[in-house]
Amino acid sequence: EGLTIVDMDSILAGVAHFKTDNTDFLRAHNLWVDTATSKLYVPGSNISTAREGLIIYDLSSDPWNPLKVGEFNFDDLGFSCEGTNFTYVHDLHVINDTAYLNKNTNCGFFITEMSNPTSPQYIGELPPSGFGNGYNHSTWVNDDRTVAVVAEETEGKPLYILDISDPTDITKTAEFKDPLIAGETENIV
């Protein structure tokens, strides 16, 4: 259905207004709002020129009518990874215009600076071989942006703890894997 916006100003009175806009995409993996910059990020969209890269909207002036301010595929910008130009963005975590990108099996984990949403700037990366060679699914970053926790959507892979204090030199510092059910070894984090 594309982007659905819900106005919850009157939700306590039992009223919620919503609208759906499928101009730019019909589906996406998820959405992320960088509250510090009032930008909405849409990774993994299906029909825009971003071709599963990113679509970015500005919510600051009118969140009911977001303004599209960026749309691109990282391949178009020359970002490649481990011999492939397939740079699908599956998920992301954005803090104050710094995007921590999960870019599937071939690409791994990227950090980009997004203050200009039409021209992201490469900061650093950790290729799949730097952690588990699985399907890089999602990330959460701590408040001071020194640690990222990365989950791979691959059976039997652990959570990875990354040191991102120097985003140009990302390193894996730890792993965590504990079966939730005794005897199970192929859990997906």
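In this predicted model, strands 11, 12, 13 and 14 line up in that order as an open sheet of 4 strands, with antiparallel pairing. Strand 11 (136-141) and strand 14 (171-176) sit at the edges, each pairing on one side only. Going from one strand to the next, the twist averages 25 degrees. Zooming in on one edge, strand 11 is held to strand 12 (residues 147-152) by 5 bridges, and the two run antiparallel. Within this pairing, Val141 has Ala148 of strand 12 standing opposite.

How confident is the predictor? For the protein chain, the mean pLDDT comes out at 87, and 92% of the residues reach 70 or more. Among the chain's elements, strand 3 (residues 32-34) has the highest mean pLDDT, at 96, while the lowest, 74, belongs to helix 1 (residues 104-107).

Turning to the surface, Val6, Met8, Ile11, Leu12 and Phe18 together make a nonpolar patch of about 590 Å². One of these residues, Met8, lies in the loop that links strand 1 (3-7) and strand 2 (17-21).

Another loop, between strand 4 (39-43) and strand 5 (54-58), carries Ile47. Is Ile47 buried or exposed? Neither label quite fits: Ile47 counts as partly exposed because its relative accessible area is 44%, which falls between the 20% limit for buried and the 50% limit for exposed. As for its distance from Phe79, the two residues are 32 residues apart along the chain, and their C-alpha atoms are separated by 21 Å.

Note on methods. Residues numbered from 1 in each chain as written. Predicted model: local features only at pLDDT ≥ 70, side-chain atom pairs only at ≥ 80, totals over all residues. Heavy atoms only, no water. Pairing = 2+ DSSP bridges. Axes fitted to C-alpha atoms, helices over the stretch in contact; angles between N-to-C directions. pLDDT = per-residue confidence, 0-100. Patch = residues over 30% accessible without salt bridge, like charges linked within 9 Å, V, L, I, M, F, W, Y side chains within 5 Å. Areas by Shrake-Rupley, 256 points an atom, 1.4 Å probe, with all protein chains shown as cover. Salt bridge = Lys/Arg side-chain N within 4 Å of Asp/Glu carboxyl O. Buried < 20%, exposed > 50% of the residue type's maximum accessible area, 1.4 Å probe, protein only.
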